[in-house]
Amino acid sequence: MSDADLFKLYSQRILALAADIPFTEPLATPDASARKRAPLCGSTVAVSLTLKDGRITGYSQQVHACALGQASAAIFGAAVIGRTRDEVAALRDALAAMLTGGPVPAAPFGEYEVLQAARDYPNRHASILLAPEATLEALDAAAKAA
């Protein structure tokens with residue numbers, strides 16, 4: 001990877017997002033939690049959430065990832081409150097499609113546009129998908145416990 005490629009990949013906007021991840025404080029009494037790891041790079045995201053009527057009402061995330069995984073968690077965290085399992089699954093699918101050449105996810109997740117440069121780096125895709133995937137796992141755990 002050349003320096004120009006690295007610069008493109010880690011743009012100022014991506015670095016700004018990575019530095020401003022929302023919902024990093026633990027929840028007092030989460031309904032469910034999950035932790036996902038990207039095997040290729042070792043990035044991890046652990047999430048906890050609370051639910052009411054099938055919608056996320058509280059969210060916490062601990063992110064140990066590259067700048068791309070951190071930026072993804074920041075974008076996801078900024079729009080996750082109020083989402084249902086179906087909406088999170090649709091976002092994860094749209095994000096995975098974007099990373100392989102598809103369109104940018106629809107609002108409220110349109111800010112994922114900044115991660116289009118990662119399309120050319122498939123070894124980073126798993127890190128970018130960690131936050132929605134961990135959230136889906138936590139939502140499934142909450143459904144089983146209900």
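Which residues are buried in helix 4? I looked this up in a predicted model and found Val88, Ala89, Leu91, Leu95, Met98 and Leu99 to be buried there.

**Entry 1: helix 4.** I then asked what covers these buried residues of helix 4, and the cover includes strand 3, helix 3 and helix 5. I checked the span as well: helix 4 has 15 residues and reaches 21 Å from its first C-alpha to its last, close to the 21 Å expected at 1.5 Å a residue. Just after helix 4, I noted that Gly101 adopts a positive phi of about 110 degrees.

**Entry 2: the nonpolar core.** I found 44 residues in the largest nonpolar core, where Tyr59, Leu68, Phe76, Tyr112 and Leu115 have the most contacts inside it. Among the elements that each supply at least two residues of this core are helix 2 (12–18), strand 1 (32–37), strand 3 (55–64) and helix 4 (85–99). Helix 5 gives the largest share of this core, nine residues. I followed Tyr59 further: leaving aside residues up to four places away in sequence, Tyr59 touches residues including Phe23, Leu27, Val47, Phe76, Ile81 and Ala131.

**Entry 3: cysteines.** I looked for disulfides and recorded zero in the structure. Why is Cys41 not bonded to Cys66? The sulfur of Cys41 lies 5.6 Å from that of Cys66, its closest cysteine sulfur, and this is too far for a bond, because a disulfide requires the two sulfur atoms to be within 2.5 Å. I also compared burial: Cys41 counts as partly exposed at 35% relative accessibility, whereas Cys66 counts as buried at 16%.

Definitions and conventions. Residues numbered from 1 in each chain as written. Predicted model: local features only at pLDDT ≥ 70, side-chain atom pairs only at ≥ 80, totals over all residues. Heavy atoms only, no water. Core = buried A, V, L, I, M, F, W, Y, C linked by side-chain atoms within 4.5 Å. Buried < 20%, exposed > 50% of the residue type's maximum accessible area, 1.4 Å probe, protein only. Helix = DSSP H or I, 4+ residues; strand = E, 2+ residues; numbered from the N terminus. Contact = heavy atoms within 4.5 Å. Expected span 1.5 Å × (residues − 1).
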